[in-house]
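Reader: Could you walk me through this structure, one feature at a time? I am new to this and would like to learn the terms as we go.

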Amino acid sequence: MVALCLEEGDHPEFHPDDIREAEKLVNDMDDHVLIGDVLSRKPRRDSSIENVIIVDNIPVTDTSKVQKLTNVLLKIFSKCGKIDSHHIPLDDNQKTKGYMFIVYKNVQEATSAISSFNGHKLDKNHCFAVNRLSDFEQCMNIPDQWDEPRAEPYKPQQHLKSWLLDPDCYDQFAIVHGKNRTTGVHSCGQGQAIQVQQRENWTESYVKFSPKGSYLATSHKQGIALWGGPDFTRVGRFLHPNVTYFQFSPCERYFVTYSKTSLTPEDPQNLIIWETRSCLQKRSFTLPVLNYWPYFKWSFDGHYFATITGDNLSVYATPSMKLLDNKKINVQNIRDFVWCPSENWIAYWQSENKNIPARVTIMAVPECEPISYKNLFNVNNIAIYWQNSGNYLAVKVDRTIKNKKESENVFEIFRLREKDIPVENFEIKSKVISLSWDPKGPRFAVIQGEQGRTDVSFFKIGEKILPIGKTLVNKKCSCIKWSPLGQYCVLAGLNNISFDGVLEFWDIGSDTPTLMNDAHHFMVTNIAWDPTGRYVCSSNTYGGHSVENGYMMWTFQGSKLFESSLESFVQFQWRPRPPSLLSEAHFKEIRKNMKSYTRDFEIKDKISQSKASKELVEARRSVYDEFMAYRRKKEKELEVLKLQYSELRTETVEEEYVEEIIEFFMKEEVEAASKE
């Protein structure tokens, strides 16, 4: 390009050829080059219809009420995002056709509206059916010719309960250790851990057994994998990248995953509820970054799950995954809630607000009606502890004493199985660190005092709440772990070097607690009972130190069975057992005849404790089984030969038997007669 500098008053002179070249240059240029800044502001029509939804089953009304109906619907659906436009079609009689078009600003808001309001009840006669407009186009484009799907070959399913068929009834546990996250599943045998399965890089963080032991979940960058069967074959996977937390429902039918990042930029939902067997999404939510888990708390049977959203308690039902009655339960100043372990009851507490006292409420689900409550005053904090059978609920109330800086601890005990649900309270003067229930009986333990110098008290609930024996003073204890069968417990000082890893094994079955044994496990970080209550494992995981990482296995009486030192040991978990199918009458019969089983158990114990190695015993068993199979084969062949011989014989020949008596002279002795 040439720039011409002209003096003021001069006029440029153009040659005809110059004009033709300029016209040719302009004709060769695109509009985006010449007026790109103007075209960038031109309104565009979005060719995508993914942000358009259709709301079906809206009320049918005439034009006089269309505006009012529109305002109601817009108020509902604007909760999911900004609405660009909407339209309610009318028929020839100027009445609404029963559906409405809504255009959202983006696809994410349309997706949120579908998941939130599909199935929403406007009133008792109208329930919304919300779908994307593109779904209708797909239905209209279905080909007329139907192609029969090809039958897939049958694939036998894994036996997810195979580990329960172990003739020795050994319980299994999983461990994760090493830089390569070596994961192993072992059986707890007599004096040793028997390896069942071990793989390197089986998980990238940690593993988790399902509540009934059917599945083993492993975490990976791409998502979660499920393993099951005798050889731990992969039986499912959930594609959710960078999962931070995951959780099974108590019934194992559902699986929850949460990631701090969304699946895709178009889909912002980062918490997903899956169906375990099919690995299909059932419901998804968009949540901020969570620093706690679980976000949803499940009922004991997996029929409901709930969470707190502001001043509301949101309870969802399965399998629909929708809110109960399609609405949240308004509970002002709700702070926490806990499901009952055996009934569909929720215990929640509300903090004080001006002249309104704090309150603890027990609510039945799905009725959402309170069955008991208790008002409380001068409350700093409340902790809720359910007993496993649901017979009792303990509420620990931290209360500030007026005109004093000190605080007191008061316990409110709800007796859920008694008439009118009476509430009994008792006070503990010193600071209470924790409370734990006996899983099977009306007993509980309380740790009180200051960290490093604690006392332990046991209580029993009868007509009144009475202590069991004397308080155990000056115990190096920060937690109490009860056996799943009750009666026995372990007092342990966890995550504190000043406790010296003290473990005390107690029997609380009598009127006076009995110390069965005491032991030490340096820098112990966790205590876990096996599901049968036979064994206790103390572990020292690689949390903030790398000193003597590993685990020790103990009997319920405190005798050490074996120990294992593992580098970078990060996790130990027992494999749960499903609930027993036996009735209480069967259990009573087994207890009654327990002595008759003792002999068989003693024989098995002697075999397991013999010097013969397991390989030798298995080799002998293999030879014996091979011989018995050969013998059965020959016996069958002999029977066939007998039939063949009997068919060949035309006459029946009676065999004659001659009886002969044969005498043998063995020895002769001669003795002289003595004279008297």
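Reader: How many bridges join strand S7 to S44?

Author: This is a predicted model, in which local features need pLDDT of at least 70, side-chain atom pairs count only at pLDDT 80 or more, and totals for chains, interfaces and linings use all residues. Residues are numbered from 1 along each chain as its sequence is written, and side-chain values use heavy atoms, with hydrogens and water left out. Strands are DSSP runs (E, at least two residues; helices are H or I, at least four), numbered from the N terminus, and two of them pair if DSSP finds at least two bridges between them. S7 covers residues 172-177 and runs antiparallel to S44, and the bridges joining them number four.

Reader: Which residue in S44 stands opposite Ile-175?

Author: Strands of a sheet pair through backbone hydrogen bonds. Here Ile-175 has a partner across the pairing, and that residue in S44 is Phe-572.

Reader: Which strands are at the edges of this sheet?

Author: The sheet is open, with four antiparallel strands in the order S9-S8-S7-S44. An edge strand here pairs on one side only, which gives S9 (193-199) and S44 (571-574).

Reader: Which residue is the bridge partner of Ala-358 in S26?

Author: Strand S25 (residues 358-364) has six of its seven residues buried (under 20% relative accessible area, with exposed over 50% and partly exposed in between, using a 1.4 Å probe and protein chains only). S25 pairs with S26 (residues 369-376) in the antiparallel sense over seven bridges. Within that pairing, the partner of Ala-358 is Leu-376.

Reader: Which residue takes a positive phi in the hairpin of S25 and S26?

Author: Four residues lie between the two strands of this hairpin. The one with a positive phi, near 60 degrees, is Cys-368.

Reader: Which element gives the largest share of the largest nonpolar core?

Author: A nonpolar core is a set of buried Ala, Val, Leu, Ile, Met, Phe, Trp, Tyr and Cys residues joined through side-chain atoms within 4.5 Å. The largest one has 20 residues, and Ile-53, Phe-77 and Tyr-104 have the most contacts inside it. Strand S1 (52-56), helix H4 (66-77), strand S3 (99-104) and H5 each give two or more residues. The largest share, five residues, comes from H4.
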